[in-house]
Amino acid sequence: MQHPGPPQFLAVGETVQLAPRDPDPGATYRWRVRRAPVASRVEFGDEPVIDFAPDAPGRYVVELDGPEGTSPLTVRAFSGEYAPGGGAGAGGRSGRSGEITGERSAERGDRERSGPAPETEGSARLDAGSYDGPGGRPRIRLTAHVAGDDVVVEADPRPNPQGGTDPDALDVEFLVDDRWPVDRDRISVEGWTLRLPTDAFDRKTRIHAVAVDDEYSVADAVEVRRRGTTVDFRAGRGDGVAEHSIGDAGAGPVETGRLYEPPEWAKDVTLYEIYVRGYAADDEEADTTFAALEKRLDYLADLGVDCLWLTPVLENDHAPHGYNITDFHAVAEDLGGREAYERFVDAAHDRGMKVLFDLVLNHSARAHPFYEDAYRNPESEYYDWYEWREDGEPGTYFDWEYIANFDFHTLAVRRHLLDAVDKWADVADGFRCDMAWAVPDTFWQELRDRVKAVDPDFLLLDETIPYVADFHEGMFDVHFDTTLYFTLRQVGNGHQPADAILDAIEQRRAVGFPDHAAFLLYQENHDETRYLVECGDEAAFASAGALFTLPGLPMIYGGQEIGQRGRRDPLAWDHAREEFQAHYERLIEARGSVQSLDYRAEFERVAYDADSDRVTAFRRTTDEGAHVVVLNFGEGTETVALAPAVDPTDAITGRSVGVEGGVEVDDVVVVPETE
């Protein structure tokens, strides 16, 4: 399907890359502006992929002409002052850049070339004048239900926790997805509520919205559809697509559901990263690397692991990490090939484990045959596949000398990578997406729609440093918590007090992540020095406690649980430190059995008193009760006085930690609150 995807929200000075979906590289596509604010002078050329930068605030409708006809796309552009992060491009969005231009104005009042924007969408309050308030980036959550003959979509906007805006002063902008026919004249908006008659659409539709204060929020979305509707994101390719029901079924023949929630299975997992070429390198008897890894699955199951992330398994150049790929459609023969990989995945599934495939899309190896053909050969059919500098060398990041960046303006690149996505999604439960910031947002949105159409429970995990709140807007389910990672290092080194960990958790909302976003918690991975090497044993024990008690999904990097010191060395199984392994086993068991440590539990600070700034404490709460977690990153034992009354029985060890003056903490304790 050629339609370029969901409506876009951005600000003047930001840029979004627009492209036909599921493209045919041999077809002709052309963009044009159908409607724009009267002050806009935006025009497009003949390229099939465009970088659209609105030059005036208001609403744009752009059209894509292609083999399937004409496809409209609505773009809501705010004044540059409303760009996230204090200015256009400041948030680090992939594919969005530029400087702030324009001034704050009554944006919805701007006339458009073909007349005013329809009043059935958007915010009536926004039309009245400019925004007012101290703001920051707000958050929003949409829900939908069927009431009689109407679908009712309700927005729950929340102000930035570091701002002073009255929640009732927030504005909400709704946009209806352009991909499916809807009788828009029958849509009504009153305040934060949109109503849509159940007979105003044919098969399905989606409603998108942002909250607006001094900045605009990450968008949220809901889907409304006839029961039994077949999802059609891959229509026209001959691929089988799945029928599935999402969310709350509502009433009658219409069902509704939220779109940007992480899969339920992912909310409870303990994830484990396997560095493929080192994890089982000591096994000299297995026929293949995958066979050697398979022999370790029982150990991982006994440990309590239920999701595996494998570093890249595709054909690659000389680097053992596997991220310099030479064939996006073949599993590396030195690991055992595709059949051996699939046997490993099946064996993991037999033990109740999910498997994440490491997806590398922003570059190829320079040893890739397409790059070798294109290098210094402008006549090559692959020349336009890559970014090139003026000196004839490829575009790359951080002066990495063995990779070359793809150019996503080339349809053949998109086609090649989408075909790879289809192939590997069939033999994985999710993708860990490498360097997500280096791929255009709209490509990730297409990828998400593509894989979720086949398997709604497929997991998408992004690696972005620093993390980017916008990546929860129809792109990823779970995000690397790079802020917490850095903070754990700083606390472990004694460079920050332990309370900085609480600041790191609260920063998620402050930068604009919606409340339903999920985060991967980690203290090390294959790119980083081992935590215990940098910070010492005591801090490593406390940091492990943080991973399994803070809100998020804990991850263990292979060997972390046995006290491994080498970053990518073969694991020293014969020298495993039993005290580390026992600690991780207790933490995994506690997270699975203590409801207050569940993904869904609330997080908040508590009052405590300790003699050391290496100590911190917080509360996790559910409807069933609350537990207080105390962490000690320092050497020795600390006595910590807690303001809430607690039962001194530690949920991790089962022993009493009560002493005169509070609770005794070596590294981590979890005690039930009694008030």
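Let's start from the outside: the accessible surface of this protein comes to about 25,100 Å², and carbon and sulfur atoms account for 44% of that area. The model you are looking at is a predicted one. Moving inward, 60% of the 675 residues count as buried. The chain is built with 12 helices and 34 strands. Its contacts often link distant parts of the sequence: among those with a separation of 6 or more, 68% join residues 24 or more positions apart.

Now zoom in on helix α8, which spans residues 482–492. This helix is mostly covered, with 10 of its 11 residues buried. Among the buried ones are Thr482, Tyr485, Arg489, Gln490 and Gly492. What do the buried residues of α8 pack against? Their partners are the strands β24 (478–480) and β25 (518–521), together with the helices α9, α10 (531–535) and α11 (537–547). Just past the end of α8, you will find Gly494 with a positive phi of about 80 degrees.

Of these partners, let's follow α9, made of residues 500–510. Two packed helices are described by the angle and the distance between their axes. Here the axes come within 9 Å and cross at roughly 170 degrees. Angles over 145 degrees count as roughly antiparallel, so α8 and α9 are roughly antiparallel to each other.

Which residues make this contact? From α8 come Thr483, Leu484, Thr487, Leu488 and Val491, and they meet Ala500, Ile501, Ala504, Ile505 and Gln507 of α9. Sorted by character, the residues of this contact are seven nonpolar and three polar, with no charged ones. An α-helix has 3.6 residues a turn, so residues three or four places apart point the same way.

Methods. Residues numbered from 1 in each chain as written. Predicted model: local features only at pLDDT ≥ 70, side-chain atom pairs only at ≥ 80, totals over all residues. Heavy atoms only, no water. Axes fitted to C-alpha atoms, helices over the stretch in contact; angles between N-to-C directions. Helix = DSSP H or I, 4+ residues; strand = E, 2+ residues; numbered from the N terminus. Parallel < 35°, antiparallel > 145°, perpendicular 65-115°, else oblique. Contact = heavy atoms within 4.5 Å. Nonpolar A, V, L, I, M, F, W, Y, C, P; charged D, E, K, R; others polar. Buried < 20%, exposed > 50% of the residue type's maximum accessible area, 1.4 Å probe, protein only. Areas by Shrake-Rupley, 256 points an atom, 1.4 Å probe, with all protein chains shown as cover.
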